[in-house]
Amino acid sequence: MLETSSVLNPPDNMSAESFPWAPAIVEHLPDAIFVVDEKFRIEWANKAARQFAPNDDSLTGKRFYRDIFRDVTLLKPDYFPLTIARDQGRPARTILRTADTRVFDLYAVRMKEEGEGRKQILVVLKEITSNYRPLERLRAIHEAGRRLVDIAPGELIKLTAEERKQLLKNRVLAYLEGVLQFNVFEIRLIDFQTNKLVPFISEGMSPEAAARELTPAFEGQGITGYVAKTGVSYLCEDTRNDSLYLQGTANSRSSLTVPLIRYSSNLEPVVIGTVNIESPVPRAFTHDDRLFLEIFCRDLVTALNMLELIEVEQTEATLGVIEKLHRALAIPVNELVSKIVATEASLDPEAEGLRQSLREIGKIALELKDIVHSIGRQLPPTESSPLFANKRVLVVDGDESVLQDAHEHLPRWGCVVETATTGKAGLQMAVMAESEGGYNAILGAYQLPDMRGLEFFQELKARLKSHDIPFVMLVPIGRYLSDHQQVKARQLGAKCLVGKYPPPEGAEKGGHLALEPLKSSLAKLFAEQTQATMTSSPSGC
């Protein structure tokens with residue numbers, strides 16, 4: 001058996017006798033130290049190394065791998081450390097994992113040759129389990145997070161929006177259970193229209209907890225509501241002593257809740273949901289668990305963003321086609337209706353049958369346009385608001401560019417748009433629409449091809465026999481209006497005055513609507529109409 005003093009291999013100018021305490025130090029070092037021969041048979045082992053001896057047998061003469069470390073995994077960087085140290089004479093290092101999942105840093109170096117060229121190898125095992133497992137778990141989380149969003153483009157195209165969400169749910173379940181090893185959890189996403197935390201995934205939670213309605217709030221909405229409101233992770237060590245906690249399962253004794261955070265275009269954090277984990281054991285979660293769950297949440301937000309972007313892109317593409325079709329139909333249909341109205345007005349009073357036929361043609365034309373518009377309304381909204389939904393708007397202007405603006409933008413807000421190019425046609429359309437409930441807003445240009453805007457408004461009041469007409473005058477921006485029609489229109493009861501950009505100097509057409517002021521004015525008008533309907537009292541502008 002090798003003397004322990006020879007393990008130190010002191011330099012030639014330094015004898016082992018100079019350090020009589022050296023063998024005792026080596027014997028009691030916390031790291032396991034072995035000396036093996038060239039066939040990897042153990043010649044000497046210190047106290048820490050002897051713990052690996054089966055049944056407290058002596059390690060001397062046993063083979064390092066075959067007898068002591070038979071069922072181990074060598075991870076990296078050197079997969080044959082003892083062989084490298086013996087044959088190449090250089091130090092070698094690897095990570096060794098035992099069958100009971102303990103992890104060691106293995107370091108092997110060839111010692112000085114003594115007598116007849118015998119080769120001996122010094123092997124040191126340092127346990128790193130407590131440091132390695134979190135790193136290994138972190139690597140697994142990173143890889144699983146990458147796979148969470150790794151969906152082939154060809155596969156995405158074949159899936160519907162609901163199928164993509166289900167695929168993500170399946171991967172999230174596998175992630176939480178297989179990688180993070182959580183068995184009871186719930187993910188909720190904020191519905192920003194209702195401000196409710198809507199269940200996205202629930203596993204192991206009680207039916208009452210899964211069906212519970214929650215909103216982001218500092219109190220009264222459980223830890224989930226609190227985290228959604230504050231955007232800060234919350235570790236509940238004992239559910240029985242935490243006033244915020246609402247029961248997730250009958251035997252839950254601790255929980256960990258982490259926010260799902262997305263960053264806005266100006267890099268402001270926005271909470272979009274929460275992930276809640278529960279355990280039947282008090283103080284079951286550590287700050288490492290919190291860290292790992294927060295990393296998972298970042299990956300989940302990335303995946304949700306990706307699915308949302310795909311859905312928006314597909315919706316925008318579909319809406320684009322519908323809008324092009326709608327714009328292509330809108331102007332011709334409204335011109336047809338205008339001509340029908342003009343023709344009807346010129347007919348002999350006795351030609352009632354022809355007049356009725358013309359009205360039927362006009363009605364069919366409008367219905368064709370409304371069918372295209374209704375398809376667009378079935379898609380997820382883009383700029384629309386409940387305030388604008390299905391509000392019927394008539395735009396009367398001789399400038400086709402202005403009418404194009406109306407057909408392009410007002411339907412996006414949720415409105416149903418009809419247009420006329422002359423005051424006479426606009427009046428006839430307003431009269432015809434009166435039997436169907438009338439228009440929610442009538443936009444008339446300051447100057448029409450056949451009459452002034454003020455005359456159009458006065459004639460509207462006369463024909464509709466009403467003093468409360470939702471009339472909005474479109475006033476050219478940046479031009480002096482010497483006749484002050486806009487002032488008189490307001491005195492007569494016009495609801496609003498909204499600017500429009502006039503055509504370029506010298507041109508008769510090419511103007512545009514001032515969209516933001518128009519949207520703001522219509523929103524105010526529609527809000528007043530809604531309030532008037534609710535209170536059954538007249539409203540002003």
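A cavity here is a set of points, on a 1 Å grid over the protein atoms alone, where a 1.4 Å probe fits but cannot get out. Its volume is the space filled by probe spheres set on the points, with grid points joined across faces, edges and corners. This is a predicted model: local features need pLDDT of at least 70 and side-chain atom pairs count only at pLDDT 80 or more, while totals for chains, interfaces and linings use all residues. Residues are numbered from 1 along each chain as its sequence is written, and side-chain values use heavy atoms, leaving out hydrogens and water.

Let's start inside. The structure holds two cavities of 30 Å³ or more, and the largest has a volume of about 130 Å³. It is lined by 17 residues (those with an atom within 4 Å of a point), and the closest to its centre are Arg 212, Thr 224, Leu 246, Asn 276 and Glu 278. Helix 9 (222-230), strand 10 (254-263) and strand 11 (269-279) each give two or more residues to this lining; helices (H or I, at least four residues) and strands (E, at least two) are DSSP runs, numbered from the N terminus. Helix 9 gives the largest share, three residues.

Now for a pair of helices. The axes of helix 14 (residues 453-464) and helix 15 (residues 485-492) come within 9 Å and cross at roughly 15°; axes are lines fitted to C-alpha atoms over the stretch in contact, with angles running from 0 to 180 degrees between N-to-C directions. So helix 14 and helix 15 are roughly parallel to each other (angles under 35 degrees). Touching, meaning heavy atoms within 4.5 Å, involves residues including Phe 457 of helix 14 and Ala 489 of helix 15.

Technical notes:
Angles under 35 degrees count as roughly parallel, over 145 as roughly antiparallel, 65 to 115 as roughly perpendicular and the rest as oblique. On a 1 Å grid over the protein atoms alone, a cavity is a set of points where a 1.4 Å probe fits but cannot get out, and a pocket is an open set with protein on both sides within 12 Å along at least five of seven lines; lining residues have an atom within 4 Å of a point.
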